[in-house]
Each structure stands twice: as structure tokens, then as C-alpha cells.
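Biologist: Hi! Could you teach me how to read charged pairs and hidden spaces in a protein model?

Modeller: Gladly, let's look at one together.

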Amino acid sequence: MTVRPADAEDAVGGVLPRWVALPESVEEVAAVLRACAARDLAVVPAGGGTKLHWGLPPERCDVLLDLCCLNEILEHAAGDLVVRAQAGVTMDALAAALAGEGQELALDVPFSEGATVGGTLATATAGPRAFRYGTARDLLIGVTVVLPDGTVARSGGKVVKNVAGYDLGKLFTGSHGTLGVIAEATFRLHPLPAARRWVSAEVAAAELPGLAAALAAAQAEPSAAEVDRPEPDAPPVLSVLVEGAAADSRAAAVRELIGGGEVTDAPPPWWGLITRDEVLVEVRFPATGLAAVLEAAARAGLALRGSVLAGRVWLEAWRPVGGDELAATVAGLRRRVEAAGGRVSVTAAPPCAGLDRWGQVSGLPLMRRVKERFDPGRRMSPGRFVGGM
């Protein structure tokens with residue numbers, strides 16, 4: 001294992017750690033956390049660094065735990081459609097290895113390169129096909145984590161059906177490194193589809209809610225429907241994916257349903273990607289809330305991209321936004337979206353005193369109790385997550 005002094009490029013939200021540790025095994029991760037616990041040192045886990053600026057800056061950061069050396073695919077049971085990988089394996093490398101066996105992990109990460117298994121789970125990022133295949137929580141069937149005191153804990157297994165114990169995977173997915181370190185993960189896989197077709201067309205914003213409802217019920221069974229509106233007053237582009245058998249005829253049916261468009265065998269360049277995340281806002285909403293979300297995003301002056309079927313979109317700032325303006329924008333956006341049954345969370349933003357990043361979180365007392373049980377010393381990414389956890 002390598003331990004080196006940190007430099008400016010290792011800063012987390014502007015907070016410079018004292019050391020960077022690069023363990024090469026689960027046992028070495030445990031050794032680092034035991035040593036940090038004995039010395040009351042704060043630890044921030046890191047994967048590829050694509051989302052390290054998300055959330056609040058840590059209250060303190062003594063050790064940056066870089067998991068890049070945990071980069072092995074430990075087991076691929078192709079016959080069982082299961083893969084077990086270390087946290088530092090990049091999603092690109094995992095996809096390439098699985099594709100060689102005609103399989104895939106149906107998680108579309110929102111970055112073109114660098115995202116890792118551990119970072120994807122820790123932030124619970126989901127892509128366009130979450131509508132059909134589910135999110136990271138749904139595809140994760142086993143996990144190995146290292147708790148803040150260095151204890152190694154395992155949950156789930158190598159088969160799709162498991163029955164015993166608490167589901168640590170669901171608990172750690174989306175925990176943003178505040179409960180411990182995700183070291184290994186086991187996922188269920190799907191066969192690569194025989195064909196994929198995308199149908200893309202400009203549509204009027206007012207037509208999108210009706211089109212989304214029609215697509216969700218369509219016999220063409222789309223796997224995803226993404227919308228891209230790069231500027232608030234630009235017409236949105238709707239792109240719909242069909243995959244598997246009879247993809248051409250199903251794409252033709254989708255094209256007829258949305259009233260035209262281009263059919264391609266490759267996704268549009270913006271498909272499922274986050275491209276500007278200096279300011280990034282996540283909006284989740286029920287199907288009935290789509291019209292309100294579209295209007296609220298336009299009023300807020302933010303670019304919009306995401307799934308009209310899964311009820312999750314990202315809003316990005318397409319121009320520089322000052323702190324006071326951003327706080328007021330988010331407050332107005334949240335008021336309109338919550339009135340339609342949705343939720344607004346600020347995933348990334350520069351430090352801003354008046355900005356409410358998460359709004360009201362009903363489960364916050366329970367989340368605090370879970371944090372207290374797992375990390376009573378507040379050494380894991382302290383202060384980065386909702387409620388200052």
C-alpha cells in the first residue's frame with residue numbers, strides 16, 4: 001500500500017487532506033480505517049474523482065482514501081449472469097469485459113469516462129434505462145464494505161435470490177461515503193440486446209407529458225425516453241430507446257406515436273450524460289408532475305436533461321450563476337416542484353451561504369440514527385451529506 005502526502009489536486013471541495021492512502025486489498029482498506037480510528041482522523045473515500053466535488057465540503061479531511069488500486073474484476077459467472085468487482089474498477093472497463101461475454105450491467109453512468117463501481121454506488125447515480133432495469137440498488141445483489149472501525153462486513157451473495165441478514169448494499173448505496181467504504185460489489189447482469197434503435201425528434205414542451213404517458217403504456221416497450229433542453233427557451237428533443245427483438249418495427253411504432261423523428265442505431269451525443277456540473281440540481285417527480293417540472297425548470301433558467309419515464313431529470317446552469325441568485329432560483333424551483341409532488345436536491349454547487357441544498361427531508365431523524373450507529377466518531381466524510389452528516 002502506498003501512503004503519500006496530499007497535494008493541491010487532492011483537495012475535496014477545497015479542503016486539503018494531509019495524506020492520500022492507496023490500498024490494494026480489502027484488508028489494507030481495513031488497516032487504514034483502523035489506524036484512522038485510533039488517531040481520530042477523518043477519511044473521505046474516492047474512486048475516479050468524477051463526483052468528488054458533489055455535496056458539501058467535508059468539515060475535515062485528514063486522509064483521502066483513493067481506491068483506484070482496487071481495480072480487479074474478481075469473478076464473472078456468465079452462466080448465472082453475475083459479476084463481482086472491486087470498487088475501483090471503472091464502469092468502462094467493466095462494460096468492456098462483460099461485452100466480451102455478450103452481457104452488460106444495465107447502469108448507464110452519466111460520465112463518459114472515469115466513473116468507478118464504488119463511486120457509482122456511493123452516489124446512487126442512475127441513467128436512462130433505470131425505467132426498465134432499475135437503479136444501482138436494484139441491480140446490486142451483494143456488497144463488501146469496511147466500517148469506520150476497520151470491521152469488514154459482507155451482505156448478500158453471488159446469486160440473485162438471497163435471504164439472510166440486513167441489506168447493507170441498499171443502505172450504503174447513496175450514502176456518499178458517510179457510513180463506511182464500499183470495497184467490492186456483486187451485480188446481476190443482462191444479456192446484451194440483439195439490436196438497439198433510438199428515435200429522436202424535437203417536440204413541443206406542452207406535448208411531452210402526453211407523449212410520456214403514451215410511451216410508458218406503448219406496446220413497443222421502450223427501455224428509456226430521455227429529453228434534452230440545453231437552454232430554457234429551446235425546444236426540447238425527445239429521444240426514445242427500443243432494444244431487443246424486432247427493434248426496427250418497434251422503433252417505427254415509436255416514431256409514429258411521437259409524430260416523426262429520426263431513427264438511428266447510435267444514441268444522440270448527449271444521451272444520459274452530465275456535461276456541466278459546477279451547478280447541478282436533481283429533480284425527482286411522479287408522472288403527473290412532468291408538466292410542472294418542465295415549466296419550473298424553464299422559469300429557473302436552467303438546462304434540463306433526463307428521463308421523462310423514470311421521473312428523474314438533471315438541471316444544469318448554462319451560464320455563470322452567483323450565490324444569491326442560485327439560492328433564490330433553487331427556492332423558487334423547489335416551491336413549484338414540491339407543489340406537484342416532486343423533490344429538488346442540489347447535487348453540486350459552489351459554496352453559498354443562503355443555499356438550501358436538500359430542502360425538507362422526512363427521513364432525516366432515522367438517517368441521523370443510522371449514521372450514529374455506523375460512525376459515532378463522525379470520521380467518514382463528515383459534513384458532506386444531508387443534514388450535515
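Modeller: Let's begin with a term: a residue counts as buried when its relative accessible area is under 20%, as exposed when that area is over 50%, and as partly exposed in between. Keep in mind that this is a predicted model.

Biologist: Thanks! What is the idea behind a salt bridge?

Modeller: Side chains of opposite charge can pair when their charged atoms come close. In this model the count comes to 23 salt bridges.

Biologist: How far apart are the closest N and O atoms of Arg-60 and Asp-40?

Modeller: They are 3.2 Å apart, and the two residues form a salt bridge. Arg-60 sits in the loop between β3 (43-46) and β4 (63-66), while Asp-40 belongs to the loop between α1 (26-39) and β3, so the bridge links parts of the chain 20 residues apart.

Biologist: Are Arg-60 and Asp-40 buried or exposed?

Modeller: Neither word fits. Arg-60 has 28% relative accessibility and so counts as partly exposed. Asp-40 is also partly exposed, at 41%.

Biologist: Which residue forms a salt bridge with Arg-378?

Modeller: That is Glu-59, with the closest N and O atoms 2.9 Å apart. Arg-378 lies in the segment after α11 (364-374) and Glu-59 in the loop between β3 and β4, which puts the partners 319 residues apart along the chain. As for accessibility, Arg-378 is partly exposed at 30%, whereas Glu-59 counts as exposed at 53%.

Biologist: Where in the chain are Asp-356 and Arg-334?

Modeller: Asp-356 is in the loop between β19 (343-348) and α11, and Arg-334 is in helix α10 (residues 323-339), 22 residues away. Their side chains meet in a salt bridge, at 3.8 Å from N to O.

Biologist: Why does Arg-334 count as buried?

Modeller: Its relative accessible area is 8%, which is under the 20% cut-off, so Arg-334 is buried. Its partner Asp-356, at 42%, is partly exposed.

Biologist: Which residues do salt bridges with shared partners join into one network?

Modeller: Glu-104, Asp-108, Arg-129, Arg-196 and Glu-243 are joined that way.

Biologist: Now for the hidden spaces. How does one find them?

Modeller: Rolling a probe the size of a water molecule over the atoms shows where empty space is left. This structure holds two cavities of 30 Å³ or more.

Biologist: What is the volume of the largest cavity, and which element gives the most to its lining?

Modeller: The largest cavity has a volume of about 60 Å³. Helix α10 gives the most to its lining, with three residues. Among the lining residues are Leu-302, Trp-318, Arg-319 and Glu-325. Sorted by class, this lining has six nonpolar, two polar and two charged residues.

Biologist: And which residues line the second largest cavity?

Modeller: They include Asp-228, Arg-229, Arg-276, Arg-305, Trp-314 and Glu-316. About 40 Å³ of space lies inside this cavity. Two or more lining residues come from each of β13 (224-229), β17 (303-307) and β18 (312-316), and β17 has the largest share, with three.

Biologist: How many charged residues are in the lining of the second largest cavity?

Modeller: There are five, alongside four nonpolar residues and one polar residue. Try finding Trp-314, one of these lining residues, in the structure.

Note on methods: Residues are numbered from 1 along each chain as its sequence is written. This is a predicted model: local features need pLDDT of at least 70, side-chain atom pairs count only at pLDDT 80 or more; totals for chains, interfaces and linings use all residues. Side-chain values use heavy atoms; hydrogens and water are left out. A salt bridge is a side-chain nitrogen of Lys or Arg within 4 Å of a carboxyl oxygen of Asp or Glu. Helices (H or I, at least four residues) and strands (E, at least two) are DSSP runs, numbered from the N terminus. Buried means under 20% relative accessible area, exposed over 50%, partly exposed in between (1.4 Å probe, protein chains only). On a 1 Å grid over the protein atoms alone, a cavity is a set of points where a 1.4 Å probe fits but cannot get out, and a pocket is an open set with protein on both sides within 12 Å along at least five of seven lines; lining residues have an atom within 4 Å of a point. Grid points are joined across faces, edges and corners, and a volume is the space filled by probe spheres set on the points. Ala, Val, Leu, Ile, Met, Phe, Trp, Tyr, Cys and Pro count as nonpolar, Asp, Glu, Lys and Arg as charged, and the others, Gly among them, as polar.
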